[in-house]
Amino acid sequence: MINVSHLTKKYNRYKANDNLTFTVSDGETAVLAGPNGAGKSTAIKCISGLLRFEGEIEICGYNNKSIEAKRILGYVPEIPAPFELLTVWEHMEFIARAYRLNDWQERAEMLMKRFELADKRDKLGKELSKGMQQKISICCALLINPKAVLFDEPLVGLDPHAIKELKHMLGEMKAEGTTIIISTHMLESVEDIWDKVFIMMNGRIEAERTRKQVEETGENLGELFFRITEKNGEESE
């Protein structure tokens with residue numbers, strides 16, 4: 001479970017996140033949706049512990065800055081940043097050593113195979129395309145078999161096979177009880193995998209819906225998004 005309570009992130013007087021409060025339960029896939037600049041990536045970085053903030057965030061009952069939380073949290077950033085002089089396999093080994101994983105090699109091989117990196121195992125990070133770098137980022141995040149995982153625009157730059165494989169893995173993790181948060185403005189990419197959506201604008205959550213609530217209205221995710229964001233955009237003019 002990920003529990004966010006009164007999250008506020010300021011840059012001088014500007015509030016990138018303004019008093020966000022929400023919960024994502026075990027085995028639930030939540031989407032942070034919103035236009036560019038809505039505060040999605042800032043919220044993800046705060047949850048991951050990369051930014052200072054006001055409020056409280058818990059990962060499976062642990063403070064998000066604690067070692068206990070970091071051991072069970074996976075994070076895939078919007079822009080992959082692999083080590084230029086480490087090979088694909090050395091990235092796996094680096095994560096395994098950092099997290100003190102035991103018997104990790106088989107899982108690493110599985111992840112590399114599923115994301116078509118097995119034949120790139122000896123390639124350096126700097127030699128790979130952006131899509132391949134994104135695959136490394138995903139494999140590193142999932143190697144620890146996280147209980148909660150954050151994805152910031154994870155499908156950008158991935159080829160169709162990788163997108164399909166990632167969605168399959170998201171389904172598998174959900175079935176195992178993993179808490180998943182995906183930040184995106186590409187709603188069609190998550191239409192078939194989401195359970196709960198938080199629609200953000202100007203650093204705030206303007207609407208929260210479950211899949212059941214949206215389906216009962218006869219809308220789809222895209223229609224809900226545009227109805228909420230266009231309405232609030234008109235009100236702010």
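In helix H1, the buried residues are Lys40, Thr42, Ala43, Ile44, Cys46, Ile47 and Ser48. That is seven of the nine residues of H1, which spans 40–48, and the helix is mostly covered. The model is a predicted one. The points below cover H1, an open six-stranded sheet, the pairing of helices H3 and H5, one buried phenylalanine and some backbone angles.

**Helix H1 and its end**
- Ile44 of H1 is buried, and Ile44 is also among the contacts of phenylalanine 151.
- Lys40 belongs to the buried set of H1 as well.
- Glycine 49 follows H1. The phi of glycine 49 is positive, near 95 degrees.

**The open sheet**
- Six strands form an open sheet in the order S6-S7-S8-S3-S9-S10. The pairing is mixed.
- Strand S6 (73–76) and strand S10 (204–210) are the edges. Each of these two strands pairs on one side only.
- Neighbouring strands of the sheet are turned against each other by 15 degrees on average, with direction ignored.
- At the S10 edge, strand S9 (residues 196–201) pairs with S10 in the antiparallel sense. Six bridges join S9 and S10.
- Valine 197 has arginine 209 of S10 as its bridge partner.
- At the other edge, helix H5 (residues 130–143) lies across S6 and strand S7 (148–152). H5 runs at about 175 degrees to S6.

**H3 against H5**
- The axes of helix H3 (residues 88–98) and H5 come within 9 Å. They cross at roughly 30 degrees.
- Angles under 35 degrees count as roughly parallel, so H3 and H5 are roughly parallel to each other.
- The crossing of H3 and H5 is right-handed.
- From H3, the contact is made by Val88, His91, Met92, Ile95 and Ala96. From H5, Ile136, Cys139, Cys140 and Leu143 take part.
- By class, this contact of H3 with H5 has eight nonpolar residues, one polar residue and no charged residues.
- An α-helix has 3.6 residues a turn, so residues three or four places apart point the same way.

**Phenylalanine 151**
- Phenylalanine 151 sits in strand S7.
- Its relative accessibility is 1%, so phenylalanine 151 counts as buried; the cut-off for buried is under 20%.
- Neighbours within four places in sequence aside, the contacts of phenylalanine 151 include Val76, Leu142, Leu166, Leu170 and Met173.
- Ile180, Ile181, Ile182 and Ser183 are also among the contacts of phenylalanine 151.
- Val76 falls in S6 (73–76), and Leu142 falls in H5 (residues 130–143).
- Phenylalanine 151 and leucine 86 are 65 residues apart in sequence. In space they are 23 Å apart, C-alpha to C-alpha.

**Positive phi outside glycine**
- Most residues other than glycine have a negative phi.
- Histidine 6 is not a glycine, yet its phi is positive, about 55 degrees. Histidine 6 lies in strand S1 (residues 2–11).
- The relative accessibility of histidine 6 is 45%, so histidine 6 counts as partly exposed.
- Asparagine 145 is not a glycine either, and its phi is positive at about 55 degrees. Asparagine 145 is in the loop between H5 and S7.
- The relative accessible area of asparagine 145 is 45%, which means that asparagine 145 is partly exposed.

How values were computed: Residues are numbered from 1 along each chain as its sequence is written. This is a predicted model: local features need pLDDT of at least 70, side-chain atom pairs count only at pLDDT 80 or more; totals for chains, interfaces and linings use all residues. Side-chain values use heavy atoms; hydrogens and water are left out. Two strands pair if DSSP finds at least two bridges between them. Helices (H or I, at least four residues) and strands (E, at least two) are DSSP runs, numbered from the N terminus. Axes are lines fitted to C-alpha atoms, for helices over the stretch in contact, and angles run from 0 to 180 degrees between N-to-C directions. Contact means heavy atoms within 4.5 Å. Buried means under 20% relative accessible area, exposed over 50%, partly exposed in between (1.4 Å probe, protein chains only). Angles under 35 degrees count as roughly parallel, over 145 as roughly antiparallel, 65 to 115 as roughly perpendicular and the rest as oblique. A crossing is left-handed if the near helix is turned anticlockwise from the far one by less than a right angle, and right-handed if clockwise. Ala, Val, Leu, Ile, Met, Phe, Trp, Tyr, Cys and Pro count as nonpolar, Asp, Glu, Lys and Arg as charged, and the others, Gly among them, as polar.
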